[in-house]
Amino acid sequence: LKASELPKGTVARDHVILVDTSASQVGEHRTHGFAVLRSMLQSLPENDRVLLFAADIQAEALAAEFSSPRSDAVQSSLESLQSRVPLGATNLRAVLETALKAAPKGRPTDITYIGD
């Protein structure tokens, strides 16, 4: 059996990526988290779109809109994330609610959380 309603070829996706920036994200946690994030961004198809968030007490978008994974906007978001000092605690419920609101309607979207 073959489904007749499935899209042909690769479907572009949006990715809401939440990176934990709470106080627990120091040392190896932080180093490993950024390695995972860089690897993920490199592996995504160019026609996908990404929006990075710093996640602790609340989620803060690091760009105004979704951009391709290797764009200047995503690189700038990554640099902002790396310069952010890990402080506070993570309010996972509030962070996930913000991520759900950021997900565009009508496009396949996933939410990825990188943290402990």
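This is a short tour of the structure above, one selection at a time.

**The whole chain**

Start with everything shown as a cartoon, and keep in mind that this is a predicted model. You should find three helices and four strands, which follow one another along the sequence in the pattern β-α-β-β-α-α-β. Switch to the C-alpha trace and turn it along its principal axes: the chain spans about 50 × 30 × 25 Å. Of its 116 residues, 34% are buried. With a surface turned on, you are looking at about 7,000 Å² of exposed area, 55% of it supplied by carbon and sulfur atoms. Contacts also reach far along the chain: among those between residues at least 6 apart in sequence, 77% join residues at least 24 apart.

**First stop: the largest nonpolar core**

Hide the surface and select I17, L37, L41, V50, L52, L78 and L81. These are the residues with the most contacts inside the largest nonpolar core, a set of 15 residues. Now colour β1 (14–20), α1 (28–43), β2 (49–55) and α2 (72–83), because each of these elements supplies at least two of the residues in this buried set. Helix α1 gives the largest share, with four residues. In soluble globular proteins, nonpolar side chains tend to be buried together.

Next, centre on L52 and show what surrounds this residue. Beyond its neighbours within four places in sequence, L52 is in contact with I17, L37, E60, A61, L62, V74, S77 and L78. There is also a second, separate core of nine residues; select V16, L18, A59 and F66, which are among them.

**Second stop: T21 and D56**

Move to the loop between β1 and α1 and pick T21. Is T21 buried or exposed? With a relative accessible area of 2%, T21 is buried. Show its surroundings and you will see that T21 touches A54, A55, D56, L81, R84, V85, P86 and L87, not counting residues up to four places away in sequence. Two of these names matter for the next step: D56 and R84.

Draw a distance between the side chains of T21 and D56, and look for a polar contact of 2.6 Å. Then turn to the other partner of D56: its side chain meets that of R84 in a salt bridge (3.4 Å, N to O). D56 lies in the loop between β2 and β3 (59–61) and R84 in the loop between α2 and α3, so this pair ties together parts that are 28 residues apart in sequence. D56 counts as buried, at 10% relative accessibility, while R84 is partly exposed at 23%.

**Third stop: more salt bridges**

The whole structure has seven salt bridges. Side chains of opposite charge can pair when their charged atoms come close. Select R49 and D14, whose side chains meet at 2.8 Å, N to O. Here R49 sits in strand β2 and D14 in strand β1, 35 residues apart. R49 is partly exposed, with a relative accessible area of 28%, whereas D14 is buried at 0%. Add R107 to the selection: salt bridges that share partners join D14, R49 and R107 into one network.

Now go to D110, in strand β4 (residues 109–114). What does the side chain of D110 meet in a salt bridge? The partner is R13, at 3.6 Å, N to O. R13 belongs to the segment before β1, so to speak of distant parts of the chain is fair here: the two are 97 residues apart. R13 is partly exposed at 30% relative accessibility, and D110 is partly exposed at 23%. Leaving aside neighbours within four places in sequence, D110 is in contact with R13, D14, H15 and V16. A C-alpha to C-alpha distance from D110 to V16 reads 6.2 Å, across 94 residues of sequence.

**Last stops: the outside**

Select S43 in helix α1. S43 is exposed, with a relative accessible area of 54%. A polar atom of its side chain lies 2.9 Å from the backbone oxygen of M40.

Finish with L92, L96, L100 and I111, which form a nonpolar patch on the surface with about 330 Å² of accessible area together. Helix α3 (residues 92–102) gives the most to this patch, with three residues. L100 is found in that helix, and L100 is exposed, at 55% relative accessible area.

Technical notes. Residues are numbered from 1 along each chain as its sequence is written. This is a predicted model: local features need pLDDT of at least 70, side-chain atom pairs count only at pLDDT 80 or more; totals for chains, interfaces and linings use all residues. Side-chain values use heavy atoms; hydrogens and water are left out. A nonpolar core is a set of buried Ala, Val, Leu, Ile, Met, Phe, Trp, Tyr and Cys residues joined through side-chain atoms within 4.5 Å. Buried means under 20% relative accessible area, exposed over 50%, partly exposed in between (1.4 Å probe, protein chains only). Contact means heavy atoms within 4.5 Å. Patches are made of residues with over 30% relative accessible area and no salt bridge: like charges are joined within 9 Å, nonpolar side chains (Val, Leu, Ile, Met, Phe, Trp, Tyr) within 5 Å. Accessible areas come from the Shrake-Rupley method with a 1.4 Å probe; for residues, only the protein chains shown count as cover. A salt bridge is a side-chain nitrogen of Lys or Arg within 4 Å of a carboxyl oxygen of Asp or Glu. A polar contact is a pair of N or O atoms within 3.5 Å; within protein, one must be able to donate a hydrogen and the other to accept it, and residues adjacent in sequence count only if both atoms are side-chain atoms.
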